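Open the model in your viewer and keep the selection box handy. We'll go stop by stop, picking something to select each time and saying what is there.

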Amino acid sequence: MTTSPERCCKCVLSSSFPTIAFDENGVCSFCRDEMHMPTEAATIERAQERIVELFESERGQAEYDAIMCYSGGKDSTYTLMTAVKKYNLKVLAFTLDNGFTSPAAFENIRRICDELGVDQITFAPSAKFFKPLIKVSALEEVYSPKTLVRISAICNSCISVVNNSALKLALEKEVPFILAGFTLGQIPANGIVYKNNYHFFRESREVYLERLRDSLGHAVDDYFCIKDSLLNKTKAFPYNVNLLCVEDPTEAEMFQVIAQIGWVSPRDVDGCSSNCRLNGFNNFIHQKNFRYSPYELELSHLIRKGKITREEALQKLSDTLQPEVITAIMKELAFSEEEIKAIGR
Ligand SMILES: [Zn+2]
């Protein structure tokens with residue numbers, strides 16, 4: 001009798017990952033499919049040309065050329081540096097503080113923005129709304145199973161608020177670009193550059209917004225939606241651009257380059273984050289519910305593309321939060337004993 005391996009021997013996908021199958025050598029179906037897929041290179045090259053053209057035609061017309069969704073982590077720091085130094089954009093860095101941003105991340109944000117000559121603003125939503133949002137995201141089935149193969153539910157809530165807040169800011173200031181630090185493991189190649197289509201976007205989110213409203217009331221709309229009064233004034237929607245997908249550095253190159261402009265690795269986060277103290281908790285909940293890490297898909301993609309080694313990826317996945325840190329976060333979020341016991345049943 002043959003048994004399924006715990007993980008693929010080429011990437012890091014677990015045997016519990018949805019739809020996965022292994023061959024007799026312990027190689028997963030995702031690795032085997034990728035060998036037969038046409039390369040993304042042509043799509044990436046076209047995206048790069050389009051980005052250069054768009055930057056040339058739109059720059060210099062508004063107060064800022066771009067709003068950068070800037071968490072202070074390594075990916076967004078590298079992206080911000082590229083936007084300023086390589087593409088010469090005037091950027092406003094935008095940071096969402098979910099209440100769990102590492103103090104070391106804030107120090108990085110200050111140092112990097114000063115070094116690059118970038119203005120920066122932080123939006124810190126009230127904990128009265130945000131802590132219950134985190135708790136509901138952790139405990140209730142808000143998002144579709146398809147979404148949750150690549151991101152934890154709590155991260156998805158935070159990123160939705162980041163995206164909405166950055167769009168609001170771009171519309172208010174008529175800024176033509178929104179930059180984010182996503183990699184091709186996190187988004188598809190057709191998501192590298194696209195014109196923001198808020199109306200379509202709002203419709204596609206309505207199912208989960210309704211679930212969030214059921215638990216949190218209509219305050220949800222203040223953080224996840226743009227008011228009609230602003231939409232009616234809008235002349236043009238900005239482009240969303242993910243520069244990291246076309247720059248395509250290895251992780252080691254990224255760490256090296258951002259260290260030169262003063263970035264220091266925070267010590268109070270898990271191995272999959274470089275800015276957020278909550279991330280390890282999000283992974284813990286996801287692992288309990290689904291028996292695999294929400295980072296496996298992205299890390300496996302990066303391994304296949306030669307951007308990190310399998311050993312580096314395994315190191316990240318095994319660098320989890322200590323149980324007492326998880327317990328402290330649950331207390332801070334006001335989880336009851338019953339709620340803790342119910343996770344992952
Ligand atoms: Zn694999």
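A word on naming before the first click: helices (H or I, at least four residues) and strands (E, at least two) are DSSP runs, numbered from the N terminus. The model is predicted, with local features needing pLDDT of at least 70 and side-chain atom pairs counting only at pLDDT 80 or more, while totals for chains, interfaces and linings use all residues. Residues are numbered from 1 along each chain as its sequence is written, and side-chain values use heavy atoms, with hydrogens and water left out.

**Start in a loop.** Select T320, in the loop between α14 (310–318) and α15. T320 is exposed, at 53% relative accessible area; the labels here are buried for under 20%, exposed for over 50% and partly exposed in between (1.4 Å probe, protein chains only). Now add S4: the two residues sit 316 apart in sequence, and their C-alphas are 25 Å apart in space.

**Colour by domain.** Use three colours: domain 1 is 1–37, domain 2 is 41–247 and domain 3 is 264–342. These bounds come from an automatic or database domain assignment. Put a distance between the C-alpha centres of domain 1 and domain 2 and you should get 33 Å.

**Go to the zinc ion.** Which protein atoms are its donors? Show C8, C11, C28 and C31 as sticks: the SG atom of each is a donor, at 2.3 to 2.4 Å from the zinc ion. Donors here are N, O and S atoms within 2.8 Å of the metal (3.2 Å for Na, K and Ca); water is not among the atoms, so sites may look incomplete. The angles between the four donor atoms run from 105 to 113°, so the arrangement is tetrahedral, a label that asks for four donors with all angles between 85 and 135 degrees. Along the chain, the spacing of the donor residues reads C-x2-C-x16-C-x2-C. C11 counts as buried because its relative accessibility is 0%, and C28 and C31 are both buried too.

**Check the other sulfurs.** How many disulfides does the structure hold? Zero, taking a disulfide as a pair of cysteine sulfur atoms within 2.5 Å. Try C158: the closest cysteine sulfur belongs to C276, and at 6.3 Å it is too far for a bond. C158 is buried, at 12% relative accessibility.

**Look at the cores.** A nonpolar core is a set of buried Ala, Val, Leu, Ile, Met, Phe, Trp, Tyr and Cys residues joined through side-chain atoms within 4.5 Å. The largest has 52 residues, and L212, F224, L278 and F281 have the most contacts inside it. Helix α6 (residues 153–173) supplies the largest share of this core, ten residues. Domain 2 and domain 3 each contribute at least three residues to this core. Centre on L212 and, leaving aside neighbours within four places in sequence, its contacts (heavy atoms within 4.5 Å) include L133, Y143 and F224. A second, separate core has 39 residues, including M68 and C113.

**Finish with backbone and helix.** Most residues other than glycine have a negative phi. Select D248, in the loop between α10 (243–247) and α11: phi is positive here, near 55°. D248 is partly exposed, at 37% relative accessible area. A334, in the loop between α15 (323–332) and α16 (337–342), also has a positive phi, of about 60°. Last, pick E251 in helix α11 (residues 251–260). Buried or exposed? E251 counts as buried, at 10% relative accessibility, and beyond its neighbours within four places in sequence it is in contact with K74, K307, I308 and K316.

Key
Four donors count as tetrahedral if all angles lie between 85 and 135 degrees; four count as square planar and six as octahedral if opposite donors are over 155 degrees apart and all others between 65 and 115; anything else is irregular.
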